[in-house]
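Here's a quick briefing to read with the model open beside you. Grab your viewer and follow along.

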Amino acid sequence: MGNSRFRSAPFLFLVVILAPSAALADISPKQLLNKLFQSSPSMEYYASYVNIRPSGMGFSDIYSGFINKVGYKRTVMSGDSDIEIVSSPITISYYDAKTEQKVSYPKAFLKTELELLSSSLEKTRHYYSIHVVENAERVAERETYRLSVMAKLPGRYSRVYWIDKNNFITLRIDVLDTDGQLIERIKCTSLLFKEQQKHKMVVSKEKKHFKELDVEPYAFGELIKFGWLPDEYEIVSRIGVLNDGEIETQFMLSDGFSKVTVVVNPHHAVSSTVEANHERDAWQKFVINSDGQQIVVSGDVPLAIVKKIATNTSL
């Protein structure tokens, strides 16, 4: 990972064209999304994923289980970051090893692209082409449905999902750029189901002492002015994070599928340095520093989009 000669090597395989062997599915996009979010595995499972992108590779391990019959999911990310994420039906907690801080968000604030799509499917069909096929390709030795969400409007990416036919677990995600070229792949490399266990750890022992930051609804959106947003984008959620007496305001903007996060810091907390190859990744970030404030715009959209949002945002 440290040698730039090898960091870009994993990206070479991404020129592979999507496998064409598929048949029409016996399930609609709406039905598939409903099953994805309304049904949960009856057994606990462990899954490992690899994330391949131009700037290098990342890895994550997911454990999904139950505590007092309530489902939760624990994700441990490694590679460029050391972050642990624990999600329950109502909250998502981030444990950051670099800052030794924990932030617990209401789950409604941190919706995934598919969660956003599920709640606005009919509207979003006007600017995304959405189809499901029953794919002959197996992922992690599992039969899958393939859900394609292809952008019709400029300035946003398309995504293709491979979803387990029996347990409705997302096993693979391909991100395609504005030219339809594959730029990032997240793929499950192993999936193991187990009976429910009596003894389990919700978060790693060393992360239990992390400082927890307070989170509260942020009702002062009128203080932040977005001078430009991509077509169909709007504010879908906002929240405030309190840290040492200062409030960091966070917004999620979305068109019903693609999403961008805007963070306004009362201090210059984030470096604006762009590392080699990162401009070719799906996830982009642009930072503006001014008058003791910092605006950070990030998301799985082209760099030109996050930059234009940032430069047209004012306090």
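Start at the loop between E8 and E9, where Glu-141 is found. Glu-141 isn't a glycine, yet its phi is positive, at about 65 degrees. Bear in mind that this is a predicted model. The chain has 315 residues, 45% of them buried, and its secondary structure comes to 5 helices and 20 strands.

**Unusual backbone angles**

- Most residues other than glycine have a negative phi.
- Glu-141 sits out in the open: its relative accessible area is 69%, so this residue is exposed.
- Glu-100 also has a positive phi without being a glycine, with a value near 55 degrees.
- You'll find Glu-100 in the loop between E6 and E7.
- Is Glu-100 buried or exposed? Neither, quite: with a relative accessible area of 42%, Glu-100 is partly exposed.

**Strand E7 and its partners**

- E6 and E7 make a hairpin, with 4 residues between the two strands and Glu-100 in the turn.
- Strand E6 (residues 91-96) runs antiparallel to E7, and 6 bridges join them.
- To pick out a pair in the viewer, try Ser-93, whose bridge partner in E7 is Ser-104.
- E7 also runs parallel to strand E13 (residues 211-217), joined by 3 bridges.
- Here the pair to look up is Gln-101 with Lys-211, its bridge partner in E13.
- Why call strand E7 (residues 101-106) largely enclosed by the rest of the structure? Because 5 of its 6 residues are buried.

**Strands E3, E4 and E5**

- Strand E3 (residues 56-67) pairs with strand E4 (residues 70-78) in the antiparallel sense, over 9 bridges.
- One pair to check is Ser-64 and Lys-73, the latter being the bridge partner in E4.
- E4 pairs with E5 as well, again in the antiparallel sense, this time over 5 bridges.
- Across that pairing, Thr-75 stands opposite Ile-85 in E5.
- Strand E5 (residues 83-87) is also home to Glu-84.
- Glu-84 is an acidic residue to look at twice: its relative accessibility is 0%, so it counts as buried.
- What does the side chain of Glu-84 make a polar contact with? The partner is the side chain of Arg-74, at 2.8 Å.
- Glu-84 and Asp-61 are 23 residues apart in sequence, with 9.6 Å between their C-alpha atoms.

**Nonpolar cores**

- The largest nonpolar core has 23 residues.
- The residues with the most contacts inside this core are Leu-32, Leu-114, Leu-117, Leu-147, Val-149 and Tyr-161.
- Two helices, H2 (29-38) and H3 (113-119), each supply at least two residues of this core.
- So do four strands: E8 (128-139), E9 (142-151), E10 (158-164) and E11 (170-176).
- Separate from that one is a second core of 15 residues, including Phe-226, Ile-295, Val-297 and Val-301.
- Which residues does Tyr-161 touch, leaving out those up to four places away in sequence? The list is Glu-113, Leu-114, Tyr-145, Arg-146, Leu-147, Val-149, Thr-170, Arg-172, Ile-173 and Phe-257.
- For the chain as a whole, take the contacts with a separation of 6 or more: 54% of them are between residues 24 or more positions apart.

**Ser-237**

- Ser-237 has its place in strand E15 (residues 234-243).
- The relative accessible area of Ser-237 is 12%, and under 20% counts as buried, so Ser-237 is buried.
- The side chain of Ser-237 reaches the backbone oxygen of Phe-109, at 3.4 Å.
- Phe-109 is among the contacts of Ser-237 too, along with Gln-250, Phe-251 and Met-252, leaving aside neighbours within four places in sequence.

**Empty space inside**

- Rolling a probe the size of a water molecule over the atoms shows where empty space is left.
- How many cavities of 30 Å³ or more does the structure hold? There is 1.
- The volume of the largest cavity is about 50 Å³.
- Its lining consists of Glu-113, Tyr-157, Arg-159, Phe-257, Ser-258, Lys-259 and Asp-300.
- Two of those names came up earlier, as Glu-113 and Phe-257 are also touched by Tyr-161.

Methods:
Residues numbered from 1 in each chain as written. Predicted model: local features only at pLDDT ≥ 70, side-chain atom pairs only at ≥ 80, totals over all residues. Heavy atoms only, no water. Core = buried A, V, L, I, M, F, W, Y, C linked by side-chain atoms within 4.5 Å. Buried < 20%, exposed > 50% of the residue type's maximum accessible area, 1.4 Å probe, protein only. Contact = heavy atoms within 4.5 Å. Pairing = 2+ DSSP bridges. Polar contact = N/O pair within 3.5 Å; in protein donor to acceptor, adjacent residues only side chain to side chain. 1 Å grid on protein atoms, 1.4 Å probe; cavity = no way out; pocket = protein on both sides within 12 Å on 5 of 7 lines; lining within 4 Å. Points joined across faces, edges and corners; volume = space filled by probe spheres on them.
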